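Subject: Structure handover

Hello,

Here is the structure for you to pick up. Please open it first, then read the notes underneath.

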Amino acid sequence: MGISPVPPLPTPPPALPPSGIDDLKAPFGDVNTLATVPTAVAVAVKAACAAEGQQAMPADQDMVVGLKMVTKPGVERWSIKTGTDRDVALVGKNVIGGKKLATGIVETTIEELNLIGRPADMRPPTILFPSYQERRRGPVEFTVWRIECDVIGVKLEKDGDYHLVLQGASSKMMVGEVPTPRPPFIDEAAPWLQNIKDVRQAVDDKLIAPLSPHDFVQLNDTLVPRDAVSDDQFLLQPMALERLPVSFRTPLDEALEMPTFEAKVKQTAARITGVGFFDRIHGATGTSPLNGIELHPILKIEWL
């Protein structure tokens, strides 16, 4: 995949405007009196803002310009995310306080899941806890949950997961994820492999198929819809565009690399069943802000 060169930033203007300009002496009184500035002015303003922000970043956080590709499975709690962990046999059994209740699915809402306090031994939610790298944290991660929601966004992450942004009746959000259902992302002996295959197919057919890669451009290290950028400085170069996949659907050819992408999708009502999971909070779109709770993996999706 080609790399989009980032054009040099123009010299930023001083932080404070120069003195002696009459219209700087008073604020504007009505936004309706303001014209839209020319494109060249807009580019200069945005470049100056970007340059100022870059000055505050550590040297190792320079702007990434290489397009991120899906190449291998993730590392963080990967066996938990794919149902290949040592505790998987306990999922859905609903053992509470040492007593086994009825095996099955627990119906809930996004709002209720968002309010569940994160366990004390998994706080703060922004760091990893080695003791749970290969183990589940009950009872949330031993529970199969079912919610009704709207799917409002989709992202293909570098670990091969579809990251779905889910929205509840109050507009609160959380994340649901669907792994790539084949090796090396999931072992062929994984107990939920067929369920995940079915969900992946349903998402491909309903949400991914309508997306055309040639309607996307590169923004930082991923592909986004063309409307997500307002000027040409972020567009992919022609050579890179020629190498885009024909479709974003999950490729049948295991050797085919896919670029990461993210997009808003038409609001789509769904009933989603999946396993509870506490993710590390790291700024992902749609994350439950207090506890990082997700449905990961999603095991069933029904379009409503």
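A salt bridge here is a side-chain nitrogen of Lys or Arg within 4 Å of a carboxyl oxygen of Asp or Glu. Keep in mind that this is a predicted model.

**Salt bridges**

By that rule, the count comes to 10 salt bridges. Three pairs are described below.

Start with Glu148 and Arg271. Their closest N and O atoms are 3.1 Å apart, and they form a salt bridge. Glu148 sits in strand 5 (residues 144–156) and Arg271 in strand 11, so to speak of sequence, they are 123 residues apart and the pair links distant parts of the chain.Glu148 is partly exposed, with a relative accessible area of 49%. Arg271 also counts as partly exposed, at 23% relative accessibility. The pair belongs to a wider set: Glu148, Arg271 and Glu302 are linked in a network of salt bridges.

Next, Asp221 and Lys68. This salt bridge has its closest N and O atoms 3.4 Å apart. The two residues are 153 apart in sequence, and the pair links distant parts of the chain. Asp221 is in the loop between strand 8 (216–219) and strand 9 (222–225). Lys68 is in the loop between helix 1 and strand 1 (69–70). Are the two partners buried or exposed? Asp221 has a relative accessible area of 18%, under the 20% cut-off, so Asp221 is buried. Lys68 is partly exposed, at 30%.

Then Glu76 and Arg280. Their side chains meet in a salt bridge at 2.9 Å, N to O. Glu76 lies in the loop between strand 1 and helix 2 (78–82), and Arg280 in the loop between strand 11 (261–278) and strand 12 (293–303), so the pair ties together parts that are 204 residues apart in sequence. Glu76 counts as partly exposed, at 25% relative accessibility. Arg280 is partly exposed as well, with a relative accessible area of 25%.

**Cysteines**

How many disulfides are there? The count comes to 0 disulfides. Cys149 is buried, with a relative accessible area of 6%. Cys49 counts as exposed, at 54% relative accessibility.

**Surface patches**

There is a patch of negative charge on the surface. Asp187, Glu188, Asp253 and Glu254 gather there. Asp253 is found in the loop between helix 5 (238–242) and strand 10 (258–259). At 46% relative accessibility, Asp253 is partly exposed.

A nonpolar surface patch is made by Phe28, Val31 and Leu34. Its area is about 320 Å². Leu34 lies in the segment before helix 1 (39–55). Leu34 counts as partly exposed, at 46% relative accessibility.

**A contact across the sequence**

Met258 lies in strand 10. Met258 is buried, with a relative accessible area of 5%. Its C-alpha atom is separated from that of Met69 by 5.7 Å, and the two residues are 189 residues apart along the chain.

**Backbone geometry**

Most residues other than glycine have a negative phi, and most peptide bonds are trans. The backbone here has some exceptions to check.

Which peptide bonds are cis? One of them runs from Arg123 to Pro124, with omega near 0 degrees. Pro124 lies in the loop between helix 3 (110–114) and strand 5. The peptide bond from Pro183 to Pro184 is cis too, with omega near 5 degrees. Pro184 is found in the loop between strand 7 (173–178) and helix 4 (193–208).

Now phi. Asn94 is a residue other than glycine, yet its phi is positive, near 55 degrees. Asn94 lies in the loop between helix 2 and strand 2 (95–96). At 13% relative accessibility, Asn94 counts as buried. Ser171 is not a glycine either, and has a positive phi of about 85 degrees. Ser171 is found in the loop between strand 6 (162–167) and strand 7. Ser171 is partly exposed, with a relative accessible area of 43%.

Best regards

Key:
Residues numbered from 1 in each chain as written. Predicted model: local features only at pLDDT ≥ 70, side-chain atom pairs only at ≥ 80, totals over all residues. Heavy atoms only, no water. Patch = residues over 30% accessible without salt bridge, like charges linked within 9 Å, V, L, I, M, F, W, Y side chains within 5 Å. Areas by Shrake-Rupley, 256 points an atom, 1.4 Å probe, with all protein chains shown as cover. Lys, Arg positive; Asp, Glu negative; His and termini not counted. Charge placed at Lys NZ, Arg CZ, Asp CG, Glu CD. Helix = DSSP H or I, 4+ residues; strand = E, 2+ residues; numbered from the N terminus. Buried < 20%, exposed > 50% of the residue type's maximum accessible area, 1.4 Å probe, protein only. Disulfide = S-S within 2.5 Å.
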